[in-house]
Amino acid sequence: MLGKISTLRAVEKNRVVAVIRGKDYNEIFKIVKGVIEGGINIIEITFTIPNADMVIEKLCEAFKHETSVLIGAGTVLDSETARIAILRGAKFIVSPYFNEDSAKLCNRYGIPYMAGAMTIKEVVKAMEYGVDIVKLFPGSAYGPSIIKDIKGPLPQAQIMPTGGVSIENVDTWITNGAVAVGIGSVLNNAYNSGGQAEVTEVARRFIKKLNNIKS
C-alpha cells in the first residue's frame, strides 16, 4: 500500500492533478483513460459525481496494475465523506476549503489532505493541522504571481493552484513556486469537443509544457 510520503512525492513529481467530473462511470472512465494515456497519473474524482465513492472503487480496481496511477477524492466537504472515500481506495483527499475534522481523520489514517485556502491566514491554519499541500482555490482569482507573494513570508508552504490554470500559463505557475497544479474544466471541455482522444492530446500538451521546464 502506498504511504503518505510516497503519495506526496508522486504528486510533486507529476506536478499536475487531473480533476475529473462527469455524468456517469462510463464517461469518467474514458476521461481518466485519456488523461493517463496523455501522461497525467494523479487523478482526482470529485464528489459532485453521482455515486462518486463507487466510481473511485471501480477506477482503483480498473487501474490497479498501473502502479504510477493514483486515484484520489475531490470536493470532499467533511470527514464522513473523506472516510468513505478512503475506504473505497482514495489515496488522497482534496477539499475546496479547510475542514479541521477532515484534517484529523486524514492524519489518523496517513492519507494526504489537500485543503483549499485563499488567504495567508487560511494557508497557515491548514499547515498547522498537517496539510502538506495547500490547494489555492480558486487560482483564477489571483494569477500565478500570488505564489511568490505567499512563499515570501511562507517559503515552506507547498501550494497547488486549481482554477485558472491553462496550457499557456502552467509553466508560470510552476516557475513561480507552485508544487503542482490542478486542471479540470480544460479536460472536460476537451472530452465534450473531441472525446477521449482529445483528452489525451490536451494532457500530452500539459506534460510537454511541464517537461520543458525541467530542460
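A residue counts as buried when its relative accessible area is under 20%. Val 131 has a relative accessible area of 5%, so Val 131 is buried. The model described here is predicted.

## Val 131 and its surroundings

Val 131 sits in the loop between α6 and β6. Leaving out residues up to four places away in sequence, Val 131 touches Phe 98, Tyr 113, Met 114, Ala 115 and Ala 126. Ala 157 is 26 residues from Val 131 along the chain, and their C-alpha atoms are separated by 9.7 Å.

Phe 98, one of the residues touched by Val 131, is itself buried, at 15% relative accessibility. Phe 98 also forms an aromatic pair with Tyr 129. The ring centres are 5.2 Å apart and the planes stand at 50 degrees, a tilted arrangement. Where do the two partners lie? Phe 98 is in the loop between β4 (93-95) and α5 (100-109), and Tyr 129 is in the loop between α6 (120-128) and β6. The pair therefore ties together parts that are 31 residues apart in sequence. Tyr 129 is partly exposed, with a relative accessible area of 28%.

## Helices α2 and α3

The structure holds four aromatic pairs. One of them joins Tyr 25 and Phe 29: the ring centres are 6.0 Å apart and the planes meet at 40 degrees, so this pair is tilted. Both residues belong to helix α2 (residues 25-37). They are four residues apart there, which means a separation of about one helical turn. Tyr 25 is buried, at 18% relative accessible area. Phe 29 is partly exposed, at 29%. Together with Phe 63, Tyr 25 and Phe 29 make up one aromatic cluster.

Tyr 25 and Phe 29 also take part in helix packing. From α2, Tyr 25, Ile 28, Phe 29 and Val 32 meet Val 55, Lys 58, Leu 59 and Ala 62 of α3. The axes of α2 and α3 are 11 Å apart, at an angle of about 45 degrees. That angle makes α2 oblique to α3. The crossing of these helices is right-handed.

## Helices α4 and α5

How do α4 and α5 pack? Helix α4 (residues 79-87) meets α5 at an angle of about 30 degrees, and the axes are 8 Å apart. Angles under 35 degrees count as roughly parallel, so α4 is roughly parallel to α5. On the α4 side, the contact is made by Ser 79, Ala 82, Arg 83 and Ile 86. On the α5 side, it is made by Asp 101, Ser 102, Leu 105, Cys 106 and Tyr 109.

Arg 83 and Tyr 109 belong to this contact. Arg 83 lies over the face of Tyr 109, at 3.9 Å from the ring centre. A second residue placed over a ring is Lys 135, which lies over the face of Phe 137 at 4.6 Å from the ring centre.

## Backbone features

Phe 137 also precedes a cis peptide bond. The bond runs from Phe 137 to Pro 138, with omega near -5 degrees. Pro 138 is placed in the loop between β6 (134-136) and α7 (145-151).

Two residues with positive phi are set out below.

| Residue | Phi | Loop | Relative accessibility |
|---|---|---|---|
| Arg 15 | about 65 degrees | between α1 (4-14) and β1 (16-20) | 13%, buried |
| Asn 51 | near 55 degrees | between β2 (42-46) and α3 (52-62) | 57%, exposed |

Arg 15 is not a glycine, yet its phi is positive. Asn 51 likewise has a positive phi in a residue other than glycine. Is each buried or exposed? Arg 15 counts as buried, whereas Asn 51 counts as exposed.

## Asn 176

Asn 176 lies in the loop between α8 (170-175) and β8 (181-183). Its relative accessibility is 15%, so Asn 176 counts as buried. What does Asn 176 contact, apart from neighbours within four places in sequence? The partners are Pro 144, Ser 145, Ile 147 and Lys 148.

Conventions. Residues are numbered from 1 along each chain as its sequence is written. This is a predicted model: local features need pLDDT of at least 70, side-chain atom pairs count only at pLDDT 80 or more; totals for chains, interfaces and linings use all residues. Side-chain values use heavy atoms; hydrogens and water are left out. Helices (H or I, at least four residues) and strands (E, at least two) are DSSP runs, numbered from the N terminus. Buried means under 20% relative accessible area, exposed over 50%, partly exposed in between (1.4 Å probe, protein chains only). Rings of Phe, Tyr and Trp (its six-membered ring) pair if their centres lie within 6.5 Å; planes under 30 degrees apart count as stacked, over 60 as edge-to-face and the rest as tilted. A charge sits over a ring if NZ of Lys or CZ of Arg is within 6 Å of the ring centre and within 35 degrees of the ring normal. Axes are lines fitted to C-alpha atoms, for helices over the stretch in contact, and angles run from 0 to 180 degrees between N-to-C directions. Angles under 35 degrees count as roughly parallel, over 145 as roughly antiparallel, 65 to 115 as roughly perpendicular and the rest as oblique. A crossing is left-handed if the near helix is turned anticlockwise from the far one by less than a right angle, and right-handed if clockwise. Contact means heavy atoms within 4.5 Å.
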